[in-house]
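Me: I should like to go through this structure and ask, at each step, on what grounds a term is used. Please set each value against the rule behind it.

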Amino acid sequence: MRCLTIFFVIPRSWVAVQTLLSTTKTALSVNYYPGRGFKVESKKAMFAESDVFLVDHSLEYAEPVDYDAEFGNHPELISRLASLLSVITPDIEPPQLSGIDLNRQEKNQSDEPDGSSPLIQLLRALGNPPLNEMDRMKIGNLVEQGITDDWLSSAPIGKLFPNIERIHLEQNLIESKETIRALCLALPKLKAVHLNGNPICSQPSYSDDMNSVLPKSVEVLDGRLTESYGSWALEVANGSETPSVLRLGNADMSELRPEAFKSLNLENLYCIDLRGNPKMTAASWKPLADMVKQANAMLETVWIDDDRFLKDYAEVFSTSAKINNTPLWLCNEGVAAEDPQASELIKQKVIDKLPKAALRYQMAKPDSPDDRITISYVLDELGSYVGHSARANFRLGMIFTSSGTISILWPVKNVLVDDAVTRDYAENITDPEDRMRRLDELGVSD
């Protein structure tokens, strides 16, 4: 739509509304970004004053009102308002729980007939690289190759591939810790060893044996962090020095080593997976929480094993929006999102927030034109998720028609594709202190 007058001359029929909404869908989109919340973005370039979009009202009521009596018995309305007022945010899926460096490797398939040379199997398992590329080989994949202690001890892995950092030996026939000791001596740059499924792993002394034969340079054993883990292991676990998801699940950490995290840039972090670390308590993660806070990361969710400790983790990760998809304010009550009492607490939170968040206008009483009544309303998803800016590129207005009120949104500046759509939440408030107070009520700032 390009002309404001159309809203005055066309009644608000379903035909008119459907036409306007279809125009909106081709020009604007509502997107959710974990850690940053909802954003309305432009799907096309627009000139200032060129387009007008309908913004519906999800709720409209006359004041004064008994909020609990009027809205408390409508769970679907409360659920929608909880989202619109950011009492709750969309759930996100937890990361895959697999351990360090265990989900980046595939089983080898060999075309060699049974009885083929172990050395040929080795070369094929390692990708059979040209000789001039062997010095660059850093990952050894020998999963399920029928490898024995004798074969591994005699294979010239160290001579052919001295730069191997990670070796996968899962589902083989290795039994002796001395075989692993010799392997580590042959591969001085080795940092990750994976032996799951070998007979040695079922021995009662396996953990102690590995502690005795693995050098301090090895940071990962069987997908878990060793006591000497450092930045290398964390970068392998997360695939990046600037992770958006910090994957520490099933790492079996015994202590937090803050120096290991110093190489990571945490400013883009929105999710931390702490599951599978039974030796750690909420307090053990405090240095990590401090690093996340210092990085100004917009943390969305921290994943833990047990909802019974939601409150403890909420105190530590106080800048996170959620623990296990439970809003932080619910965690502070010691209540998980799935608990029966959560719905009542969410309803009360909505009712408490509604008077501050609602927009208002006044109109004459039908039976007494000299008297005015105050009408409060909440915008729909499009209007509610438009962000605030003191230098907004859109404005929100309202028009009165014969069938009611309509809110409209239109660009006041030139807008490019993918630009965030913003409006000034306190546009009509000129006093600086009153403006600051209103923005504080809405949880935003200039």
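**Terms and their grounds**

Reply: Let us begin with a cavity: the second largest one has a volume of about 40 Å³. Please bear in mind throughout that this is a predicted model.

Me: What makes this space a cavity, and how many cavities are counted?

Reply: A cavity is a set of grid points where a 1.4 Å probe fits but cannot get out. The count takes in cavities of 30 Å³ or more, and it comes to 2. The second largest, at about 40 Å³, meets that limit.

Me: Which residues line the second largest cavity?

Reply: The lining consists of Leu 225, Thr 226, Glu 227, Tyr 229, Asp 252, Met 253, Ser 254 and Glu 255. Each of them counts as lining because it has an atom within 4 Å of a point of the cavity.

Me: How do you know which classes the lining of this cavity contains?

Reply: The lining has 3 nonpolar, 2 polar and 3 charged residues. Leu 225, Tyr 229 and Met 253 are nonpolar because Leu, Tyr and Met are counted in that class. Glu 227, Asp 252 and Glu 255 are charged, since Asp and Glu belong there. Thr 226 and Ser 254 fall among the others and are therefore polar.

Me: Why is the contact between Arg 360 and Glu 63 called a salt bridge?

Reply: The term requires a side-chain nitrogen of Lys or Arg within 4 Å of a carboxyl oxygen of Asp or Glu. Between the side chains of Arg 360 and Glu 63 the distance from N to O is 3.0 Å. The pair therefore satisfies the rule. Arg 360 is in strand 15 and Glu 63 in the loop between strand 4 and helix 3 (67-71), so that the pair links parts of the chain 297 residues apart. The structure holds 21 salt bridges.

Me: What is the form of the peptide bond from Glu 63 to Pro 64?

Reply: This bond is cis, and its omega is near -5 degrees. Pro 64 is found in the loop between strand 4 and helix 3.

Me: How do you know that strand 4 and strand 16 pair?

Reply: At least two bridges between two strands are needed. Strand 4 and strand 16 (residues 368-379) have 5 bridges, in the antiparallel sense, and therefore count as a pair. Tyr 61 stands opposite Ser 376 in strand 16. By the same rule strand 15 and strand 16 pair, because 7 bridges join them. These two form a hairpin with 2 residues between them, and Lys 365 stands opposite Ser 368.

Me: What makes strand 4 and strand 15 edge strands?

Reply: The open sheet has the order 4-16-15, with antiparallel pairing. Strand 4 (57-62) and strand 15 (359-365) each pair on one side only. Neighbouring strands of this sheet are turned by 30 degrees against each other on average, direction ignored. Helix 4 (residues 75-84) lies across strand 4 and strand 16, running at about 110 degrees to strand 4.

Me: Why is one side of strand 3 and of strand 18 left without a neighbour in the sheet?

Reply: In the open sheet with the order 3-19-18, strand 3 (53-55) and strand 18 (394-401) stand at the edges with a single partner strand each, so one side of each has no neighbour there. The average turn between neighbouring strands of this sheet is 35 degrees, direction ignored.

Me: How do you know that strand 18 pairs with strand 19?

Reply: The two strands are joined by 8 bridges and run antiparallel; at least two bridges are needed, so they pair. Thr 401 has Gly 404 in strand 19 as its bridge partner, and Gly 397 stands opposite Ile 408. A hairpin joins the two strands through 2 residues.

Me: What makes strand 1 and strand 2 a pair?

Reply: Strand 1 (residues 28-33) and strand 2 (residues 37-42) share 6 bridges in the antiparallel sense, and at least two are required; the strands therefore pair. The bridge partner of Leu 28 is Ser 42 in strand 2. The hairpin has 3 residues between the strands, and Gly 35 in the turn has a positive phi of about 90 degrees.

Conventions:
Residues are numbered from 1 along each chain as its sequence is written. This is a predicted model: local features need pLDDT of at least 70, side-chain atom pairs count only at pLDDT 80 or more; totals for chains, interfaces and linings use all residues. Side-chain values use heavy atoms; hydrogens and water are left out. Helices (H or I, at least four residues) and strands (E, at least two) are DSSP runs, numbered from the N terminus. Axes are lines fitted to C-alpha atoms, for helices over the stretch in contact, and angles run from 0 to 180 degrees between N-to-C directions. Contact means heavy atoms within 4.5 Å. On a 1 Å grid over the protein atoms alone, a cavity is a set of points where a 1.4 Å probe fits but cannot get out, and a pocket is an open set with protein on both sides within 12 Å along at least five of seven lines; lining residues have an atom within 4 Å of a point. Grid points are joined across faces, edges and corners, and a volume is the space filled by probe spheres set on the points.
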